[in-house]
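Hello,

Here is the structure I promised to hand over. Please open it alongside this message; my notes follow below.

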Amino acid sequence: QVQLVESGGGLVQAGGSLRVSCAASGGTFNIYKMAWFRQAPEKTREFVAAITWSGGATYYADSAKGRFTISRDKSKNTVYLQMRSLKSEDTAVYYCALMTSVVATSYDHWGQGTQVTVSS
């Protein structure tokens with residue numbers, strides 16, 4: 001059973017930086033793509049960034065472009081989200097997700113989330 005464990009969330013002042021991590025574990029599994037989503041209070045979950053595991057191609061939501069960087073460490077099965085110039089509207093629970101196959105239509109596994117709070 002694949003498990004995703006996020007870490008690194010916390011409280012940061014507006015304009016500051018924070019890096020969240022997500023480690024995948026649980027036996028033998030394939031990773032096609034990993035991503036970060038977030039959900040703010042009373043809002044629906046939204047896509048933030050994704051990275052393909054093999055080639056490292058990256059994708060970003062408009063709100064993340066230029067401020068957030070997604071990266072991965074294949075040796076550790078870990079994906080990172082470096083967030084800079086944080087704004088109060090970035091406050092949310094951040095979830096990582098894993099897609100096991102290129103033919104999958106959705107992410108197969110999700111983490112439990114890590115809270116990021118940006119104070120203004």
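Ser21 stands opposite Tyr80 in strand β8. Keep in mind that this is a predicted model. The Ser21 pairing belongs to strand β3, residues 18–25, which runs antiparallel to β8. Six bridges join β3 to β8.

β8 has a second partner, strand β7, residues 68–73. That pairing is also antiparallel, again over six bridges. Here Arg72 is the residue to find: its bridge partner in β8 is Val79. β7 and β8 form a hairpin, with four residues between the two strands. Look at Asn77 in the turn, where phi is positive, at about 50°.

Is β8 largely enclosed or not? Five of its six residues, in the run 78–83, are buried, so the rest of the structure largely encloses this strand. One general point helps when you look at strands. In a regular strand, side chains alternate between the two faces of the sheet.

Now the aromatic rings. A pair of rings is described by the distance between the centres and the angle between the planes. How many aromatic pairs are there? The count comes to four. One of them is Phe37 with Trp110. Their centres are 4.9 Å apart and the planes are at 55°, which makes the pair tilted. Phe37 lies in strand β4 (residues 33–39) and Trp110 in strand β10 (residues 109–110), so the pair ties together parts that are 73 residues apart in sequence.

Trp110 also pairs with Tyr107. Those ring centres are 6.2 Å apart, and the planes are at 65°, so this pair is edge-to-face. Phe37, Phe47, Tyr107 and Trp110 form one aromatic cluster.

Which of these rings are buried, and which are partly exposed? The cut-off for buried is under 20% relative accessible area. Phe37 has 13% relative accessibility, so Phe37 counts as buried. Tyr107, at 16%, counts as buried too. Trp110 has 35%, so Trp110 counts as partly exposed.

Last, two charges over rings. The charged end of Lys33 sits over the ring of Tyr59, 5.4 Å from the ring centre. The charged end of Arg45 sits over the ring of Tyr95, 3.9 Å from the ring centre.

Start with β8 and its two partners, β3 and β7. Then go to the cluster of Phe37, Phe47, Tyr107 and Trp110.

Best wishes

Terms used: Residues are numbered from 1 along each chain as its sequence is written. This is a predicted model: local features need pLDDT of at least 70, side-chain atom pairs count only at pLDDT 80 or more; totals for chains, interfaces and linings use all residues. Side-chain values use heavy atoms; hydrogens and water are left out. Buried means under 20% relative accessible area, exposed over 50%, partly exposed in between (1.4 Å probe, protein chains only). Two strands pair if DSSP finds at least two bridges between them. Rings of Phe, Tyr and Trp (its six-membered ring) pair if their centres lie within 6.5 Å; planes under 30 degrees apart count as stacked, over 60 as edge-to-face and the rest as tilted. A charge sits over a ring if NZ of Lys or CZ of Arg is within 6 Å of the ring centre and within 35 degrees of the ring normal.
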